[in-house]
Structure formats: C-alpha cells, structure tokens
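User: I am new to this structure and would like to go through it by question and answer. Please show it before we begin.

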Amino acid sequence: MNAITKTDAIKTLTAHYIDGAFVESHGREVRDIIRPTDGRVIGQVTLGDEDDTRRAIAAAKRAFATYGKSKPEERAEILRRLHRAASARIDDLTAAMVDEYGGVVQFARPIVESAVNAFAAAEKALPEIQWTRSWDKAIVTMEPVGVSGLITAWNANALFMCLKFASAVGAGCTAVIKPSEMSSLQARVLVEALHEAKLPNGLLNIVTGLGTTVGAELVRNPDVAKISFTGSVAVGQSIMRDGAATMKRVTLELGGKSPTIVLDDADLDQAIPTALGMAFMNSGQACAAGTRLLVPSNQLDAAKRAIVNAMRAITVGDPADPKIAVGPMVSQKQYERVQSYIRKGIEEGAEVLVGGEGHPQGLEAGYFVKPTVFVNVKNDMTIAREEIFGPVLSVIAYDTEDDAVAIANDSRYGLHAAVLGTDLARARRVASRLRTGRVVINGMTDDPQAPWGGFKYSGVGREYGRYGIEAYLETRAILEG
Ligand code: NAD
C-alpha cells in the first residue's frame, strides 16, 4: 500500500448545520478525509461533540413545537422545495461520492438520483396516509413522533440522508442527522443544497461526528423521540439496547447476505450476468448485494463457464470512468476486511474461480480488491454466512427447488433476495417462500413506494413511501363519553 500523502488543495470543513445556519464546531477533533482511489488526503473535517449535538437537538425541539402541527399540504410544499434544491446539485453530489467514497460513477449517479427523488416520492406518498379515522365515539389521528435522530452509513450516504429526512418531513417531524464520519464531503454538498430550500429554522440540523459521540448523544438524549439508523448489526443492537432507556422508537436498516436463486429453467447467458450485476453493485459494498448465488447442481459446470465469461464485464479501476464496474473499497480497514474473508474462504476449502487475494495488477495505489468468485461453497462456511461488504461472491449448488429455498432462508439475515427463471408463475411461487423484506424477480429493480427493510438480523421497521412515513407517526385516539 502506498504511503498517504497530502495534496495541496485540501478541503477543510469546520461547521455543522444547526437552526438554519452553518455554525463552527464546538468539538475540536480533526479527521483526515482520504481518497480511496489513491490513499491521498483530500480534506479535513472537524468532528462535532456532545455539545454540538445537544445544540442541534434543542433547535429541532424548538422547531417541532410549530412544525409538528403543520398540515400535510404544507409538508408537501416543503418536500417540493427540497426536491428542487437537491436536484440542482446532482452532479456535485455524484462527484463527491466518487471522490470521497470511491463509488463507481455508473452506480453513484443513479444512487444520487434516487436520493433526490426521495423527496418527490415522499410527497407522492402523503395522500396515501389516512391521517384521521373516526367511528362511533372514537377519532384516531396520526401524530408525528417528534425530534428524530437520523444516523447513516457511508456506502450510499446521500441516499440514506435524503430518504430518512424526506420521511421525517412528510410525517411532521424535525431532524438531527448524523452522517457517516466517512461521508463528510458528500454531507456538506447536500446540506449546502438543502439550505437553498429555505426551510423553517431547526427543521433540519446536521452534525458531523463519530458514532460514539454524536450518535451516542442522539440515542441517549431524552428530547429525541426516534432513531432511524442505517449501518451494521452490532451498532443497530447497541442503539436498540441504549435507546430503551429513553424508550426510543427505532428503525434499523442493517446488513444482508442476500441469495440469488437461479432456477433450472433460467437462460444462463442472461441470468448469470444479471446475478453478477447484483453481486458486484456498488463494488459489493451494498447491503442488498446478492452475495450467495444458488445454482442447480446439474448445471454447475455450465454456470461456472458462464460466470468466467461474464466476469470479463466486471472491470475494476478508476471509479470516475463510466465503463468501470468495481471501484476501491472505502478504506484501508475495509480492504483488509475483504482480504481476510478471501483468505478464510480458501482456508475453509472453497475454490477461487475468479479473483483471489491481493490488489488487481496496476491498482496497488488504492484500496482496490480483485472481484472474486468462490465455487464449492457450502452454506455453513464463513464466506456464506457473514456479510463481507466487498466484491466477493459465493456460488452454492442446490438439488431441488425446496433445497434452494431452504439454503436461501438458512441465514441470520433477511434483507433482499432475487429469483431468476423463465416460468414466471414458478419464480413468483419461489419468491413468496423467501423470508426477506424484498424479493426481485428477473433483475434488480426498485420502487420508491415499495417498503424497504429486513426480516431477522437485517433490521426492524421499513423505509420508502408511506411505510417510511408511517415509521415516524404515532396513533392518538380521542374518545367522547
Ligand atoms: P456502522 O454501523 O459502523 O456505522 C453506521 C453509522 O452509525 C455511522 O454513522 C456511525 O458513525 C454510527 N455509529 C457508530 N457507532 C455508533 C453508536 N454507538 N451509536 C450511534 N451511532 C453509531 O456501519 P457502516 O460501516 O457505516 O456501514 C456498513 C453497514 O451498513 C453494513 O453492515 C451494511 O449492510 C449496512 N447497511 C444497511 C443498509 C440497509 O438499508 N439495510 C444500507 C446500507 C448499509
């Protein structure tokens, strides 16, 4: 690995966004922002502390006194302004995601577009919510839960920030966002964009800092009613545990080990490239990545040939190049984590079909890994059970349809799954047997009104559309005697 060196023009971020204004950080700790493509320092961010967080929470609490009483039509108007404001910076947001995170532009741009569209999608979902129901002596209304702490992961930070904030705004909640500390540049571009929406002061607050300081204060603070979190299982568990002290409502979007089932009537020339696209999307640093590929054992040899052939399209290199499919890992730590899983796969007896340990040739200067496919994988091996969060695919053979479903469901995770096959009725039947929050049939697709979230260790609650907004609402019944 190359030595980390400083460039001349580094960006310096020292402010948080609190009560409608950029304010200097009270926290003094400074962290380097490192470009994963070459390990260079491209910026420095001053991290917020508990004081900054408490100021932001106080601003959100003041704003909730008014915004919590807003009508859905007023919220719709604010969501339209947010959509316009964010849309103006799609190029800048994409560039920041490529530079700071190493996201490949062919994925970063659609992710940023989804982020921006989250505001339009929330506006569209608002009329679907039944805000009031009444019968006999009862009137039931949907009430905003209160100040919401929104904590994001680094792999699609802008999407998580927009998605969570759009739902909170739609519900009538005010927010304090803690972006991933590895996404400070992207968060800064986004907050500059959203500032132009001229929101009521205190509706949006953003404090950049560590999970153990800013995040922990949000989880602990009695003035925060709800936490919506995207990240690892371990931190999700700690949020649930620590949030119990102040009875936090929680939405947890956690990890995955998603199965892709290739049915025996699938056309391998189509199914395999589709499956590889789902495995290696966002350089494998995707919670929904289809990292377990289940193929019929009597077609294993043909599947292997199709995989070797299709892996030629999974090119690795400069993420700014639109032809590149896999960029660097976000950090040296993530690089090493992926390497350790590749080693573990080999030690446990899986066979490397493509890729393997080390850097791809000519890409030694960044956190690049070789897109890797393992065959002869058993579902009880570490590489089939644990989330690697890198471009590593495990191919697992199955005998019957029941066998495929059992292997797919034999995971502590249950976020996402895919079924590929020609007979649509059969593919639907298999999909309906999978214990995951989403199943896609015959290709990766999205719908911003369809719920997103996990069964089992993949999380608690749902985001997107009306399901996402409802996660920020409480029901209140008024009964007349
Ligand atoms: P992480 O859990 O390390 O961090 C996520 C966020 O939590 C960061 O902002 C971090 O600062 C904060 N945090 C850390 N400790 C905290 C604490 N004690 N209290 C409060 N906040 C704390 O996760 P990561 O490495 O940033 O992201 C990768 C993980 O996210 C993967 O497991 C991936 O599967 C998951 N993920 C899930 C989804 C989904 O929609 N289900 C989407 C993307 C990523």
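User: How many of the five residues of strand β12 are buried?

Analyst: This is a predicted model, in which local features need pLDDT of at least 70, side-chain atom pairs count only at pLDDT 80 or more, and totals for chains, interfaces and linings use all residues. Residues are numbered from 1 along each chain as its sequence is written, and side-chain values use heavy atoms, with hydrogens and water left out. Strands (E, at least two residues) and helices (H or I, at least four) are DSSP runs numbered from the N terminus, and buried means under 20% relative accessible area with a 1.4 Å probe, protein chains only. Strand β12 covers residues 249–253 and is mostly covered, the number of buried residues being four.

User: Which strand runs parallel to β12, and which antiparallel?

Analyst: Two strands pair if DSSP finds at least two bridges between them. Five bridges join β12 to its parallel partner, and F229 stands opposite L252 in β12. On the antiparallel side there are two bridges, and E253 has G459 as its bridge partner. The parallel strand is β11 (residues 226–230) and the antiparallel one is β22 (residues 459–460).

User: Is the crossover from β11 to β12 right-handed or left-handed?

Analyst: The chain leaves β11, passes through helix α8 (residues 233–243) and enters β12, a β-α-β crossover. With the strands pointing away from the viewer, a clockwise path from the first strand over the helix to the second is called right-handed. This crossover is right-handed.

User: Which element gives the most residues to the largest nonpolar core?

Analyst: A nonpolar core is a set of buried Ala, Val, Leu, Ile, Met, Phe, Trp, Tyr and Cys residues joined through side-chain atoms within 4.5 Å. The largest one has 73 residues, and L82, F119 and F165 have the most contacts inside it. Elements that each supply at least two residues include α2 (72–87), α4 (105–125) and α5 (157–171). The top contributor, with 11 residues, is α5.

User: What does L82 touch beyond its neighbours within four places in sequence?

Analyst: L82 is among the buried residues of α2. Contact means heavy atoms within 4.5 Å. The partners of L82 are F119, F165, V169, L194, A197 and L199.

User: Why does the end-to-end distance of α3 agree with its length?

Analyst: The expected span of a helix is 1.5 Å times one less than its number of residues. Because α3 has 12 residues, it should span 16 Å, and its end C-alpha atoms are apart by the agreeing value of 16 Å.

Key. Buried means under 20% relative accessible area, exposed over 50%, partly exposed in between (1.4 Å probe, protein chains only).
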